[in-house]
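Biologist: I am new to this structure and would like a close look at a single part of it. Please take me through the acidic side chains, where they sit and what they meet.

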Amino acid sequence: MTDRHLFEQAAEVVRGSAPPDLGPPHLHVRHNGLKVWFGDPAPQREHYEAQIIPADLAPGARVRALEIGFHAEHPAEPDNTAALDHLLAAEPAWRRDLGDDPAAGAFLGRATWRRVSETWPDPDLDATDVPFEIGVRLVDYIRALEPHRA
């Protein structure tokens, strides 16, 4: 399976599983990932994402990793910090739903952006159930974090 096909399948899981009260999800599939956001159809600086990242950005990875979670990618670092601080204020609520795996802090590979995400070291992206697992985990993040976003 190509990586793009993997993320197209994950996008269908998100499309069918995202909370309907948020409105239809906007989905952008690339060869190495999937971005999801709600509201304005234009791509948003704050979004949910599943993406393949280099091994050197993920502890325990030898070949590559999959990162899944929330990103704040505004041009100005204070805007990203504000988005993360808002989520951190509600951490007990979303941590209960997401568990201990998510890390909150600087973006992997770009210190001015922020994230609440987890990495899966060296995943078998050819496994039949991986698109489903990626889509479901993205929806977990959406359900847990979206109620606490400003």
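**Acidic side chains, from the inside to the surface**

Modeller: Let us start with Glu 49, which is buried because its relative accessible area is 2%, and buried means under 20%. Keep in mind that this is a predicted model. Glu 49 belongs to strand E3, which covers residues 46–54. What does the side chain of Glu 49 contact? The side chain of His 71 is its partner, in a polar contact of 2.8 Å.

Next comes Glu 73. To find Glu 73, look in the loop that runs between strand E4 (64–72) and helix H2 (77–89). Is Glu 73 buried or exposed? Its relative accessibility is 7%, so Glu 73 counts as buried. Its side chain makes a polar contact with a histidine side chain, that of His 47, at 3.4 Å.

His 47 also gives us a way to place Glu 91. Glu 91 lies in helix H3, residues 91–98. From C-alpha to C-alpha, Glu 91 and His 47 are 18 Å apart, with their positions 44 residues apart in sequence. Glu 91 has a relative accessibility of 25%, so it counts as partly exposed.

Now for the salt bridges. Side chains of opposite charge can pair when their charged atoms come close. How many salt bridges does a search of the whole structure find? The search finds 12, and I will pick out some of them.

One of these joins Glu 77 to Arg 114, with 2.6 Å from N to O. This pair connects distant parts of the chain, since Glu 77 is in helix H2 and Arg 114 is in strand E6, 37 residues apart. The partners have their own surroundings: Arg 114 counts as buried because its relative accessibility is 12%, whereas Glu 77 is partly exposed, with a relative accessible area of 34%.

Another salt bridge is made by the side chains of Glu 118 and Arg 137, at 2.8 Å from N to O. Glu 118 sits in strand E6 and Arg 137 in helix H4, so this salt bridge ties together parts that are 19 residues apart in sequence. Both Glu 118 and Arg 137 are buried.

Glu 146 and Arg 149 form a salt bridge too, with an N to O distance of 3.1 Å. Glu 146 has a relative accessibility of 17%, so it counts as buried, while Arg 149 at 22% counts as partly exposed. Which residues share this network? Glu 46, Glu 146 and Arg 149 are joined into one network by salt bridges that share partners.

Let us move on to the aspartates, beginning with Asp 122. Asp 122 lies in the loop between E6 and H4. What is unusual to look for in its backbone? Asp 122 has a positive phi of about 45°, although it is not a glycine. With a relative accessibility of 25%, Asp 122 counts as partly exposed.

Asp 126 is found in that loop, between strand E6 (110–121) and helix H4 (130–145). Why is Asp 126 called exposed? Its relative accessible area is 54%, and exposed means over 50%. Asp 126 is part of a surface patch of negative charge, where it gathers with Asp 124, Asp 129 and Glu 133.

One more exposed aspartate is worth finding. Asp 101 is in the loop between H3 and strand E5 (103–107). With 55% relative accessibility, Asp 101 counts as exposed. If you want a distance to help place it, the C-alpha atoms of Asp 101 and Ala 111 are 20 Å apart, with 10 residues separating them along the chain.

To retrace the path, go back to Glu 49, which is buried, then step to Glu 91, which is partly exposed, and finish at Asp 126, which is exposed.

Conventions
Residues are numbered from 1 along each chain as its sequence is written. This is a predicted model: local features need pLDDT of at least 70, side-chain atom pairs count only at pLDDT 80 or more; totals for chains, interfaces and linings use all residues. Side-chain values use heavy atoms; hydrogens and water are left out. Patches are made of residues with over 30% relative accessible area and no salt bridge: like charges are joined within 9 Å, nonpolar side chains (Val, Leu, Ile, Met, Phe, Trp, Tyr) within 5 Å. Accessible areas come from the Shrake-Rupley method with a 1.4 Å probe; for residues, only the protein chains shown count as cover. A salt bridge is a side-chain nitrogen of Lys or Arg within 4 Å of a carboxyl oxygen of Asp or Glu. Lys and Arg count as positive and Asp and Glu as negative; His and the chain ends are not counted. The place of a charge is taken as NZ of Lys, CZ of Arg, CG of Asp or CD of Glu. Helices (H or I, at least four residues) and strands (E, at least two) are DSSP runs, numbered from the N terminus. Buried means under 20% relative accessible area, exposed over 50%, partly exposed in between (1.4 Å probe, protein chains only). A polar contact is a pair of N or O atoms within 3.5 Å; within protein, one must be able to donate a hydrogen and the other to accept it, and residues adjacent in sequence count only if both atoms are side-chain atoms.
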